[in-house]
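This briefing goes through one structure by topic, beginning with the sheet and ending with single residues. Please keep the sequence and the model in view while reading.

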Amino acid sequence: MNTSEFNDQIDETLLAIEEAIEDLIQESDLDLDYVTSAGILTISLGAGGKLILNRQAPVKQLWLAAKSGGYHLDWNNGEWYTDRDNEPLTELFNRVFTEQTGIDAGFKFDY
(Lines give C-alpha, C1' and ligand atoms only; values in the text may rest on other atoms or scores of the structure.)
Protein backbone atom coordinates (compact mmCIF):
# COMPACT_ATOMS: atom_id res chain seq x y z
CA MET A 1 0.00 0.00 0.00
CA ASN A 2 1.44 3.35 -0.97
CA THR A 3 1.09 6.49 1.15
CA SER A 4 -1.90 7.84 -0.78
CA GLU A 5 -3.79 4.53 -0.47
CA PHE A 6 -2.93 4.38 3.22
CA ASN A 7 -4.24 7.89 3.85
CA ASP A 8 -7.43 7.17 1.88
CA GLN A 9 -8.02 4.00 3.91
CA ILE A 10 -7.41 5.78 7.23
CA ASP A 11 -9.83 8.55 6.20
CA GLU A 12 -12.49 5.97 5.27
CA THR A 13 -11.94 4.08 8.53
CA LEU A 14 -12.15 7.14 10.77
CA LEU A 15 -15.26 8.34 8.93
CA ALA A 16 -16.93 4.92 9.35
CA ILE A 17 -16.20 4.98 13.08
CA GLU A 18 -17.48 8.56 13.39
CA GLU A 19 -20.71 7.58 11.62
CA ALA A 20 -21.20 4.58 13.93
CA ILE A 21 -20.63 6.75 17.01
CA GLU A 22 -23.00 9.41 15.66
CA ASP A 23 -25.68 6.76 15.08
CA LEU A 24 -25.26 5.51 18.65
CA ILE A 25 -25.50 9.07 20.02
CA GLN A 26 -28.73 9.67 18.11
CA GLU A 27 -30.25 6.33 19.16
CA SER A 28 -29.42 6.58 22.85
CA ASP A 29 -28.95 8.99 25.72
CA LEU A 30 -25.30 8.05 26.22
CA ASP A 31 -22.84 10.76 27.20
CA LEU A 32 -20.64 10.43 24.11
CA ASP A 33 -18.88 12.96 21.94
CA TYR A 34 -16.19 12.86 19.29
CA VAL A 35 -13.88 15.20 17.44
CA THR A 36 -11.56 14.67 14.50
CA SER A 37 -8.53 16.85 13.95
CA ALA A 38 -5.43 16.27 11.83
CA GLY A 39 -6.08 12.54 11.42
CA ILE A 40 -6.85 11.96 15.09
CA LEU A 41 -10.30 10.80 16.18
CA THR A 42 -10.94 11.33 19.89
CA ILE A 43 -14.07 9.72 21.30
CA SER A 44 -15.11 10.96 24.74
CA LEU A 45 -16.99 8.29 26.66
CA GLY A 46 -18.13 10.39 29.62
CA ALA A 47 -17.07 8.64 32.82
CA GLY A 48 -15.55 5.86 30.65
CA GLY A 49 -12.67 8.06 29.57
CA LYS A 50 -11.59 8.30 25.95
CA LEU A 51 -10.67 6.22 22.93
CA ILE A 52 -8.19 7.81 20.56
CA LEU A 53 -7.50 6.61 17.02
CA ASN A 54 -4.78 8.12 14.91
CA ARG A 55 -2.82 7.55 11.75
CA GLN A 56 0.85 6.72 11.89
CA ALA A 57 1.90 7.41 8.30
CA PRO A 58 5.62 6.61 8.69
CA VAL A 59 4.81 3.00 9.63
CA LYS A 60 1.44 2.84 7.77
CA GLN A 61 -0.48 1.87 10.88
CA LEU A 62 -3.65 2.87 12.68
CA TRP A 63 -3.14 3.28 16.41
CA LEU A 64 -5.85 2.95 19.04
CA ALA A 65 -5.30 4.20 22.60
CA ALA A 66 -7.62 2.84 25.29
CA LYS A 67 -7.49 2.40 29.06
CA SER A 68 -6.32 -1.19 28.51
CA GLY A 69 -3.36 -0.08 26.41
CA GLY A 70 -2.14 1.03 23.03
CA TYR A 71 -2.85 -1.03 19.93
CA HIS A 72 -1.09 -0.85 16.56
CA LEU A 73 -3.01 -2.08 13.54
CA ASP A 74 -1.91 -2.99 10.01
CA TRP A 75 -4.13 -3.09 6.92
CA ASN A 76 -4.37 -6.59 5.47
CA ASN A 77 -6.95 -8.17 3.14
CA GLY A 78 -9.55 -5.44 3.60
CA GLU A 79 -9.35 -5.14 7.40
CA TRP A 80 -7.23 -3.58 10.13
CA TYR A 81 -5.56 -6.17 12.40
CA THR A 82 -3.49 -5.67 15.54
CA ASP A 83 0.18 -6.38 14.98
CA ARG A 84 0.47 -8.45 18.19
CA ASP A 85 -2.40 -10.91 18.12
CA ASN A 86 -4.09 -10.27 14.77
CA GLU A 87 -7.35 -9.03 16.37
CA PRO A 88 -9.58 -7.23 13.82
CA LEU A 89 -10.31 -3.56 14.50
CA THR A 90 -14.05 -4.12 14.79
CA GLU A 91 -13.60 -6.73 17.53
CA LEU A 92 -10.95 -4.66 19.28
CA PHE A 93 -13.04 -1.48 19.19
CA ASN A 94 -16.14 -3.26 20.48
CA ARG A 95 -14.12 -4.91 23.25
CA VAL A 96 -12.45 -1.72 24.52
CA PHE A 97 -15.66 0.30 24.13
CA THR A 98 -17.49 -2.25 26.30
CA GLU A 99 -14.65 -2.37 28.83
CA GLN A 100 -14.74 1.39 29.24
CA THR A 101 -18.49 2.00 29.12
CA GLY A 102 -20.08 -1.27 30.19
CA ILE A 103 -22.19 -1.12 27.02
CA ASP A 104 -22.10 -3.72 24.26
CA ALA A 105 -22.87 -1.49 21.28
CA GLY A 106 -22.12 -4.12 18.63
CA PHE A 107 -20.45 -1.71 16.24
CA LYS A 108 -20.04 -2.71 12.62
CA PHE A 109 -17.91 -0.46 10.46
CA ASP A 110 -18.28 -0.08 6.72
CA TYR A 111 -14.84 0.90 5.43
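Contact, as the word is used below, means heavy atoms within 4.5 Å. By that criterion, and leaving aside neighbours within four places in sequence, Thr36 is in contact with Glu18 and Leu41. The model is a predicted one, and its strands form an open sheet of 6 with antiparallel pairing. Two helices, α1 and α2, lie across strands of that sheet, α1 running at about 165° to β3 and α2 at about 150° to β3.

**The sheet**

- The strands follow one another in the order β1-β2-β3-β4-β5-β6, and the twist averages 20° from one strand to the next.
- Strands β1 (33-37) and β6 (79-82) stand at the edges with a single partner strand each, so one side of each is left without a neighbour in the sheet.
- Strands β2 and β3 pair in the antiparallel sense over 5 bridges, and within this pairing Ser44 stands opposite Lys50 in β3.
- The hairpin of β2 and β3 has 5 residues between the strands, and in this hairpin Gly46 takes a positive phi near 60°.
- Strands β3 and β4 are likewise antiparallel, over 5 bridges, and Arg55 has Leu62 in β4 as its bridge partner.
- In the hairpin of β3 and β4, where 4 residues lie between the strands, the residue with a positive phi, near 50°, is Lys60.
- Strands β5 and β6 pair in the antiparallel sense over 4 bridges, and Trp75 is found opposite Trp80 in β6.

**The helices against the sheet**

- Helix α1 lies across β1, β2, β3, β4, β5 and β6.
- Helix α2 lies across β2, β3, β4, β5 and β6.

**The nonpolar core**

- The largest nonpolar core has 28 residues, and those that touch the most other members are Ile17, Ile43, Leu51, Leu53, Leu89, Phe93 and Phe97.
- At least two residues of this core come from each of α1 (3-27), β2 (40-44), β3 (50-56), β4 (61-66), β5 (69-76) and α2 (89-101), and the largest share, 8 residues, comes from α1.
- Not counting residues up to four places away in sequence, Ile43 touches Ile17, Ile21, Asp33, Tyr34, Gly49, Lys50, Leu51, Leu53 and Phe93.

**Aromatic pairs**

- The structure holds 9 aromatic pairs. In one of them, the rings of Phe93 and Phe109 have centres 5.3 Å apart and planes at 80°, so this pair is edge-to-face.
- That pair links distant parts of the chain, 16 residues apart, with Phe93 in helix α2 and Phe109 in the segment after α2; both Phe93 and Phe109 are buried.
- The rings of Phe107 and Phe109 have their centres 5.9 Å apart with planes at 15°, so this pair counts as stacked.
- Phe107 is buried at a relative accessible area of 6%, and Phe109, with a value of 12%, is also buried.
- Ring pairs join Phe6, Trp75, Trp80, Phe93, Phe97, Phe107, Phe109 and Tyr111 into a cluster.

**Three residues in strands**

- Thr36 has its place in strand β1 and, at 38% relative accessibility, counts as partly exposed, because partly exposed covers the range between the limits of 20% and 50%.
- The side chains of Thr36 and Glu18 are joined by a polar contact of 2.4 Å, whereas the C-alpha atoms of Thr36 and Val96, residues that are 60 places apart along the chain, are separated by 19 Å.
- Gln56, whose place is in strand β3, has a relative accessibility of 18% and therefore counts as buried, the cut-off for that class being under 20%.
- With residues up to four places away in sequence not counted, Gln56 touches Phe6, Gln61 and Trp63.
- Gly69 lies in strand β5 and is partly exposed, with a relative accessible area of 25%.
- Gly69 and Phe6 are 63 residues apart in sequence, and from C-alpha to C-alpha they are 24 Å apart in space.

How values were computed: Residues are numbered from 1 along each chain as its sequence is written. This is a predicted model: local features need pLDDT of at least 70, side-chain atom pairs count only at pLDDT 80 or more; totals for chains, interfaces and linings use all residues. Side-chain values use heavy atoms; hydrogens and water are left out. A nonpolar core is a set of buried Ala, Val, Leu, Ile, Met, Phe, Trp, Tyr and Cys residues joined through side-chain atoms within 4.5 Å. Buried means under 20% relative accessible area, exposed over 50%, partly exposed in between (1.4 Å probe, protein chains only). Two strands pair if DSSP finds at least two bridges between them. Axes are lines fitted to C-alpha atoms, for helices over the stretch in contact, and angles run from 0 to 180 degrees between N-to-C directions. A polar contact is a pair of N or O atoms within 3.5 Å; within protein, one must be able to donate a hydrogen and the other to accept it, and residues adjacent in sequence count only if both atoms are side-chain atoms. Rings of Phe, Tyr and Trp (its six-membered ring) pair if their centres lie within 6.5 Å; planes under 30 degrees apart count as stacked, over 60 as edge-to-face and the rest as tilted.
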